[in-house]
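I opened my notebook for a fresh look at this one. Here is what I looked up, in the order I wanted to know it.

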Amino acid sequence: MSKTSVVVPDAFFQEIPKVDIHCHLYGTIRESTLKEFACASNAPLSQSEIGDFYVRGEKPRGVLHAFRFMEEFILDSADRLYRLTYECLEDMAAETVRYTELFWNSTGTLKHHPGLSFELAQSAITKAMSDAGIAFGIESRLIHAIDRQAQAEDAVSMVELMMRHRDPLAVGMGIDYLETDHPPEGFWKSFQMAREAGFRTTAHAGEFGCHWRNIETAIKLLQVDRLDHCYTILDNEDLIQECIARDLVITVVPTNSYYMRTLAREKWADKHPIRQMARRGLRIHPNTDDPTFHNITPALVWKMMHEDFGYSLQDLRSFMVNGLDGAWIDADRRRLWKAEQLAGFDAALSRHKLIAA
Ligand SMILES: [Zn+2]
């Protein structure tokens, strides 16, 4: 896994088939769309203040303030959720993303807009997924996401709605938003309910420098099928080995705001936990998280894994397999897509006269 000196053209990262299984729907909104919605809603922020959501400074803050603004003032109708989802998938397909699982935090949105029902909102998103699949050839699924800053009972209510309004494209549940002071254990009941109802589960844990205990809790108490972030797992070798033994895939985010904010820029790439995670044996897969607010694209995420964290093209190929193993698809599709996407990866290698070493 030594850093390669081969210059890989941007076109390679663009062309390789990709899956993105850690992406928040609200973090994909185009700046032009958000400004248009805000204008039509008389939302209490100027166009320039909305533009500031998309400015990624040297020490970027997180995106929660943008999400809260969208929940309260912007995403008040099924039509807007449809358009947001459709445009997200159009943008991903343009970057050769073949499959994505999108997190949707319904709790805050529905609380602010009681006229918008869970059922209507969910079906707008999944209708957009079906339509975008036909239009752009991208497959997608929905992950219901717990707002960990809300109450544990809000999460239980969300799972009850997931069960009552079961949608074949809504396959799983996760937990996100601010992890600091919001550990996962209080949400055990919703995870148990979701699991017993047949939903797959994942959890954001160890994201903001939070203690590795949150990762242990996600694995052992919540019994998740995969994990998101998990950077502080590096502080506990036993937990690393547990994760490896359980063959858990960890989605990672190269543009994670916390490490950009807290690590000195000149040391960022060397000190970043992602650099160590695969080298310590963990099965990682790189993702966009909040692509428009992070000023990132799926292709650039893969480029960062190579150029910033020194992973070889062979490593990237193994990350592609990890993503497909972590994806919530059936075994036949997994086998087929692995063959197709690895062939696509190898074809891109040969087009650009590169060797995966
Ligand atoms: Zn995330």
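What percentage of the 357 residues of the protein count as buried? I found that 47% do, keeping in mind that this is a predicted model.

**Overall shape.** I checked the radius of gyration next, and it is 19 Å, which agrees with the value near 21 Å for a compact globule of 357 residues. The C-alpha trace spans about 55 × 45 × 40 Å along its principal axes.

**Make-up.** I counted up the secondary structure and got 17 helices and eight strands. I then turned to contacts with a sequence separation of 6 or more: 78% of them join residues 24 or more positions apart.

**Strand E8.** Which residues of strand E8 are buried on one side, and which on the other? I noted Arg283 and His285 on one side, with Ile284 and Pro286 on the other, so both faces of this strand, residues 283–286, are covered. The general pattern is a helpful reminder here: in a regular strand, side chains alternate between the two faces of the sheet.

**Its partner.** I followed E8 to strand E7, residues 249–252, and the two pair in the parallel sense over four bridges. Starting from Val249, I found its bridge partner in E8 to be Arg283.

**The core.** I looked up the largest nonpolar core, which has 97 residues. Ile250 is among the residues with the most contacts inside this core, as are Ile125, Ile215, Ala218, Leu227 and Met305. I picked Met305 for a closer look: leaving out residues up to four places away in sequence, Met305 touches Pro254, Pro286, Tyr311, Leu316 and Phe319. Pro286 brings me back to E8, where this residue is buried.

How values were computed
Residues are numbered from 1 along each chain as its sequence is written. This is a predicted model: local features need pLDDT of at least 70, side-chain atom pairs count only at pLDDT 80 or more; totals for chains, interfaces and linings use all residues. A residue is buried if 20 or more other C-beta atoms lie within 10 Å of its own, exposed if 12 or fewer, and partly exposed in between; C-beta atoms are placed from the backbone. Two strands pair if DSSP finds at least two bridges between them. A nonpolar core is a set of buried Ala, Val, Leu, Ile, Met, Phe, Trp, Tyr and Cys residues joined through C-beta atoms within 7 Å. Two residues are in contact if their C-beta atoms, placed from the backbone, lie within 7 Å. The radius of gyration is taken over C-alpha atoms; the globule rule is 2.2 Å times the number of residues to the power 0.38.
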